[in-house]
Amino acid sequence: MINKIIIEIRGGAGGDEAAIFAGDLARMYHRYAEIKRWKFVALDSSSGTLGGYKTFSGEISGEGVYESLKQESGVHRVQRVPATEKAGRIHTSTASVAVLPIVEPKEVEIKDFDLEVTFCRAGGPGGQNVNKVETAVRILHKPTGIVVSCRSERLQHANREKAMEVLRAKLFEEKKKQEVGEISQIRREQIGSADRSEKIRTYNFPEDRITDHRIGKKWHNIEKIMDGDLDKIMEAFNK
């Protein structure tokens with residue numbers, strides 16, 4: 001059983017509202033992790049409007065976390081009147097979610113000379129020490145072009161290890177895709193292009209309804225679900 005994952009969330013179509021929705025999803029999974037008593041650590045993010053995220057990555061660890069959240073990978077669509085909308089019109093926006101299992105170092109071979117590691121000041125929350133010392137880590141895997149970063153820890157070496165965990169997870173995902181010979185197709189199935197038409201789930205606020213398009217299930221009380229009450233959705237995938 002895999003008990004540690006990386007979750008990545010990216011704002012898609014919809015501009016500022018997409019970033020706000022990505023932030024809502026990040027908070028939803030954070031609240032769910034708290035309810036399940038899992039550990040949730042924000043690794044890196046780029047901020048958007050009104051507390052949203054253009055990109056967000058985090059680590060969630062706890063018993064059964066991958067089995068519970070693996071079906072969350074895909075494009076999530078929201079329909080609502082944004083806080084930035086003055087005319088009261090309903091907008092449709094998207095955010096993509098990718099759930100990657102963290103694997104042991106022995107599962108993926110990474111050579112030191114394939115890495116380009118840079119450090120910078122973390123910035124943001126964490127106190128003056130974080131801002132004065134170059135603790136944030138950015139790693140480029142030169143053969144694949146994959147870039148990962150982490151700024152959650154106070155110590156440089158701790159951020160480097162977290163970033164390496166993310167890199168191993170991404171390389172393991174790529175390895176699995178290569179084994180089946182359908183890299184681009186599987187990537188599209190995982191997170192899509194974040195286009196409005198590519199969706200696994202729709203969050204319709206005016207009608208207080210969440211619909212999962214893969215299993216044809218619908219749930220109401222959307223505000224409660226967005227506050228982390230996800231058990232009913234998770235259970236629907238385990239039946």
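Where is the place of Asp208? Asp208 lies in the loop between β9 and β10, and although this residue is not a glycine, its phi is positive, at about 50°. With a relative accessibility of 32%, Asp208 counts as partly exposed, a class that falls between buried (under 20% relative accessible area) and exposed (over 50%), as evaluated with a 1.4 Å probe on protein chains only. Arg37, placed in the loop between α1 and β2, likewise has a positive phi, near 60°, in a residue other than glycine. Arg37 is exposed, its relative accessible area being 77%.

The structure is a predicted model, in which local features need pLDDT of at least 70 and side-chain atom pairs count only at pLDDT 80 or more, whereas totals for chains, interfaces and linings use all residues. Residues are numbered from 1 along each chain as its sequence is written, and side-chain values use heavy atoms, with hydrogens and water left out. The mean pLDDT (the predictor's confidence in each residue, from 0 to 100) of the protein chain is 86, and 86% of its residues reach 70 or more. Over residues 124-131 the pLDDT is below 50, and this stretch has ten contacts in the model beyond near neighbours in sequence, a contact meaning heavy atoms within 4.5 Å.

Helices (H or I, at least four residues) and strands (E, at least two) are taken as DSSP runs and numbered from the N terminus, and two strands are said to pair if DSSP finds at least two bridges between them. On this basis, eight strands form an open sheet in the order β2-β3-β1-β5-β4-β9-β10-β11, with mixed pairing. The edge strands are β2 (39-47) and β11 (217-219), each of which pairs on one side only. From one strand to the next the twist averages 20°, where axes are lines fitted to C-alpha atoms, for helices over the stretch in contact, and angles run from 0 to 180 degrees between N-to-C directions. Helix α7 (residues 231-238) packs on this sheet, where it touches β9 (201-204), β10 (209-212) and β11, and its direction makes about 165° with that of β11.

Several pairings within the eight-stranded sheet can be described in detail. Strand β3 (residues 53-61) has seven of its nine residues buried and is therefore largely enclosed by the rest of the structure. On one pairing, β3 is joined to β2 by eight bridges in the antiparallel sense, with Val41 opposite Glu59 of β3; β2 and β3 form a hairpin with five residues between them, and Leu50 in the turn has a positive phi of about 50°. Strand β1 (residues 4-11) also pairs with β3 in the antiparallel sense, over seven bridges, and Ile5 stands opposite Ile60 in β3. Elsewhere in the sheet, strand β4 (residues 74-80) and strand β5 (residues 91-101) are antiparallel and pair over seven bridges, with Ser93 in β5 as the bridge partner of Val78.

A second open sheet consists of three strands in the order β6-β7-β8, with antiparallel pairing. Its edges are formed by β6 (115-120) and β8 (146-150), each with a single partner strand, so that one side of each is left without a neighbour in the sheet. The twist here averages 15° from one strand to the next. Six bridges connect β6 with strand β7 (residues 136-141) in the antiparallel sense, and Val117 faces Ile139 of β7 as its opposite residue.

The largest nonpolar core (a set of buried Ala, Val, Leu, Ile, Met, Phe, Trp, Tyr and Cys residues joined through side-chain atoms within 4.5 Å) contains 34 residues, of which Ile9, Leu25, Tyr29, Ile60, Leu69 and Tyr203 touch the most other members. At least two residues of this core are supplied by each of β1, α1 (16-36), β3, α2 (65-69), β5, α6 (222-226) and α7, and the largest share, eight residues, comes from α1. When neighbours within four places in sequence are left aside, the contacts of Ile9 include Ala22, Leu25, Ala26 and Tyr29, as well as Phe56 and Val97. Apart from the largest core lies another, of 21 residues, among them Ile6, Val137, Ile146 and Met164.

With a disulfide defined as a pair of cysteine sulfur atoms within 2.5 Å, the count comes to zero. Cys120 is partly exposed, at a relative accessible area of 33%, whereas Cys150 counts as buried, at 1% relative accessibility.
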